[in-house]
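This report walks through a protein structure one topic at a time, beginning with its cysteines and ending with its second chain. Please keep the sequence and the 3D view open while reading.

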Amino acid sequence: MASEKISSSSKPIAMLKVLNPFHIWALGVGIVLVGEFMGWNFTVGKGGAYASLIACWVIGLLYTCVAMIDSEVTSTVAAAGGQYTQAKHIIGPLMAFNVGLYLVMAYTMLCAADALVVGDLMKSGAEVMGYTSLDTKPFVVLTVVFLAWLNYRGVFATLTLNLVITFLAFMSLVVLFFSVDPLHQGVVLQHEGLLTDLPYGWIGVVASLQFGMWYYLGIEGTCQAAEEVRSAGRSIPLGTMGGMMTLLVAATITWFVAAGLMPWQYLGQAVTPMYDAATLLGSSQLQLMLFVATAFAAIASANGCINDASRAWFSLGRDRYMPVFFGAIHPKYRTPYRSVLFLVPIAISFAFTGLLDQVITFSILSGLLSYTFMTFNMIKFRKMWPLGSIHRGYIHPFHPIPAITLLTLCCATYFATFLGYGASLLSIMAFYILASIWFVLRRYKYVKRADQFTMPWPRPKGY
Amino acid sequence: MGFWDILVYVTWSLSATMLIWMLVDAFMISSQYDEAYLMSSREGSEDEVVHGVHMDKEMT
């Protein structure tokens with residue numbers, strides 16, 4: 001039977017290069033924007049409204065460093081896997097395995113959390129219409145399966161959908177901003193009365209940094225599309241930096257509107273703060289718009305997460321860091337279809353635990369570990385391939401200041417996480433240490449070392 | 001049976017249909033194509049674009 005199968009032609013199979021900078025923007029912003037609709041406001045609970053604003057901009061600086069570093073390295077390593085591939089080329093196999101695992105865990109868990117949000121929104125909608133016992137599970141499953149089906153059938157349609165719904169969700173925040181008459185204090189917005197001093201002092205500001213990541217978590221996922229984008233050296237930096245600017249604007253107006261409408265004691269524990277803001281304005285159209293926009297943002301995030309997690313898993317499989325079975329590409333749709341399928345039951349399993357805060361914490365910490373790696377990666381990258389040795393689509397300025405700033409802010413965020421979720425932090429560290437031991441002792445022997453380096457790069461300096 | 005009950009059944013059915021479709025398609029692909037071909041992709045293999053190309057080579 002094997003001889004009847006369609007076998008390899010002269011040209012190896014590859015993913016389609018059909019994306020443009022707008023798709024990259026949609027991938028990055030799409031994953032993140034749900035954090036503007038919910039989650040960011042826990043910063044307020046940790047340290048008050050001003051602490052939330054400080055966290056918004058300090059963590060904004062952290063992610064700006066991430067975006068700059070990612071843009072430079074990815075503009076040379078135009079391959080699926082993103083930071084995993086960077087680690088493989090620049091640091092080594094153990095780091096690459098860990099980074100790959102961070103990416104898969106971060107995005108799969110974030111996808112599960114997004115699906116839970118869609119389920120909860122459906123339940124809220126049913127309750128408004130008088131039905132109080134809606135089971136959320138079928139909607140959680142449908143969200144994951146439908147988006148996996150879309151990802152299975154092609155990246156262009158997947159990210160075009162993300163572009164449309166992410167843009168609409170972002171515009172809903174802009175509409176909300178202009179609905180509160182932002183230029184005239186005291187008419188709708190009550191910042192003077194609502195903004196207080198730091199209720200828990202500066203330690204509250206530090207503690208709020210952990211949840212400040214919700215404003216931007218996932219923007220680094222843009223580089224997972226590097227193998228499917230036309231002119232990656234130009235498109236990835238454009239899409240990523242454009243996405244980062246969009247998020248800085250979205251985060252700031254989100255804080256400005258919510259902090260001017262709700263006292264920090266309420267805002268700090270609200271589940272859907274932007275929907276609550278629309279409710280306070282007394283407009284049913286705004287309420288409906290924010291409800292739909294929250295659902296769009298959660299779906300866009302889950303969609304981007306499936307895209308990124310499958311590319312990371314596919315890359316691990318292609319290099320035999322995981323079973324090579326997952327390194328297959330669909331001959332018609334040109335997607336890593338086995339990786340997409342494999343992650344469906346995992347995402348649903350995480351979602352069925354119902355532990356939204358734990359799932360999100362694991363996701364955030366996996367992301368944070370990945371950002372910490374980037375600092376060492378960037379320093380080593382510039383040493384091994386100095387400027388002028390290979391073509392870079394983008395060169396980030398002031399090196400090594402962004403890398404040092406990123407490392408400093410990562411350390412501060414680890415401390416903030418330790419304050420609130422110390423046990424989770426330690427258990428996640430233990431998980432990755434055990435996974436590393438497994439990789440060294442049981443898995444690395446299957447890796448074909450020469451086969452994993454197929455990029456036409458020059459020999460690094462000093463080698 | 002009310003609207004929401006029907007919606008729940010439709011939701012489960014849609015999920016099952018799409019999941020089965022993907023599984024069947026994946027199985028069909030595996031039976032029609034050689035594994036070596038499905039796994040023949042290489043990073044950077046089509047990237048004679050500019051990425052990672054040595055500056056000296058690029059200038060010539």
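A disulfide is a pair of cysteine sulfur atoms within 2.5 Å. The model discussed here is a predicted one, and over all of its chains it holds zero disulfides. Cys56(A), for instance, takes part in no disulfide, and the nearest cysteine sulfur, which belongs to Cys65(A), is 15 Å away. Why does Cys411(A) form no bond with the closest cysteine sulfur? The sulfur of Cys411(A) is 7.0 Å from that of Cys410(A), and this is too far for a bond because a disulfide needs the two sulfur atoms within 2.5 Å. The surroundings of these cysteines can also be described: Cys56(A) is buried, with a relative accessible area of 0%, whereas Cys411(A), at 45% relative accessibility, counts as partly exposed.

**The largest pocket**

Rolling a probe the size of a water molecule over the atoms shows where empty space is left. The largest pocket found in this model has a volume of about 630 Å³. Among the 29 residues that line this pocket, those closest to its centre are Met38(A), Val117(A), Trp214(A), Val271(A) and Leu356(A). Several elements of chain A give two or more residues to the lining, namely helix 1 (21-32), helix 2 (34-37), helix 5 (93-128), helix 13 (284-318) and helix 15 (356-384). Which element of chain A provides the largest share of the lining? That share, eight residues, comes from helix 5. Sorted by class, the lining has 20 nonpolar, six polar and three charged residues.

**Nonpolar cores**

In soluble globular proteins, nonpolar side chains tend to be buried together. In this model the largest nonpolar core has 169 residues, and the members that touch the most others are Leu33(A), Phe37(A), Leu62(A), Tyr63(A), Tyr216(A), Tyr371(A) and Leu406(A). Helix 5 of chain A gives the most to this core, with 19 residues. A second, separate core of five residues includes Ala126(A), Leu134(A) and Phe139(A) together with Val8(B). Phe37(A), one of the residues named for the largest core, has contacts that can be followed in the 3D view: leaving aside neighbours within four places in sequence, Phe37(A) is in contact with ten residues' worth of partners that include Ala169(A), Leu173(A), Pro273(A), Met274(A), Leu290(A) and Ala297(A).

**Single residues in their surroundings**

Thr43(A) is found in helix 3 (residues 42-74) of chain A. Is Thr43(A) buried or exposed? Thr43(A) counts as buried, because its relative accessibility is 0% and buried means under 20%. Not counting residues up to four places away in sequence, Thr43(A) touches Gly48(A), Ser52(A), Ala55(A), Ser208(A), Phe211(A), Gly212(A) and Tyr215(A).

Leu198(A) has its place in the loop between helix 8 and helix 9 (201-212) of chain A. With residues up to four places away in sequence again left out, Leu198(A) touches Gly47(A), Tyr50(A), Ala51(A) and Val205(A). The C-alpha atoms of Leu198(A) and Gly92(A), which are 106 residues apart along the chain, are separated by 44 Å. For Thr160(A), which lies in helix 7 (residues 155-179) of chain A, the C-alpha atom is separated by 9.0 Å from that of Leu19(A), although these residues are 141 places apart along the chain.

The table lists the relative accessibility of some residues that count as partly exposed.

| Residue | Relative accessibility |
|---|---|
| Thr160(A) | 27% |
| Asp181(A) | 28% |
| Leu198(A) | 23% |
| Arg334(A) | 25% |

**Backbone details**

Asp181(A) has a positive phi of about 50° although it is not a glycine, and this residue lies in the loop between helix 7 and helix 8 (191-194) of chain A. Arg334(A), also not a glycine, has a positive phi of about 55°, and Arg334(A) lies in the loop between helix 13 and helix 14 (337-353) of chain A. The peptide bond from His399(A) to Pro400(A) is cis, with omega near 10°, and Pro400(A) lies in the loop between helix 15 and helix 16 (401-443) of chain A.

**Chain B**

How many helices and strands does chain B have? The secondary structure of chain B comes to three helices and zero strands, which follow the pattern α-α-α when read along the sequence. Of the 60 residues in chain B, buried residues make up 37%.

Notes: Residues numbered from 1 in each chain as written. Chains lettered and ligands numbered in written order. Predicted model: local features only at pLDDT ≥ 70, side-chain atom pairs only at ≥ 80, totals over all residues. Heavy atoms only, no water. 1 Å grid on protein atoms, 1.4 Å probe; cavity = no way out; pocket = protein on both sides within 12 Å on 5 of 7 lines; lining within 4 Å. Points joined across faces, edges and corners; volume = space filled by probe spheres on them. Helix = DSSP H or I, 4+ residues; strand = E, 2+ residues; numbered from the N terminus. Nonpolar A, V, L, I, M, F, W, Y, C, P; charged D, E, K, R; others polar. Buried < 20%, exposed > 50% of the residue type's maximum accessible area, 1.4 Å probe, protein only. Core = buried A, V, L, I, M, F, W, Y, C linked by side-chain atoms within 4.5 Å. Contact = heavy atoms within 4.5 Å.
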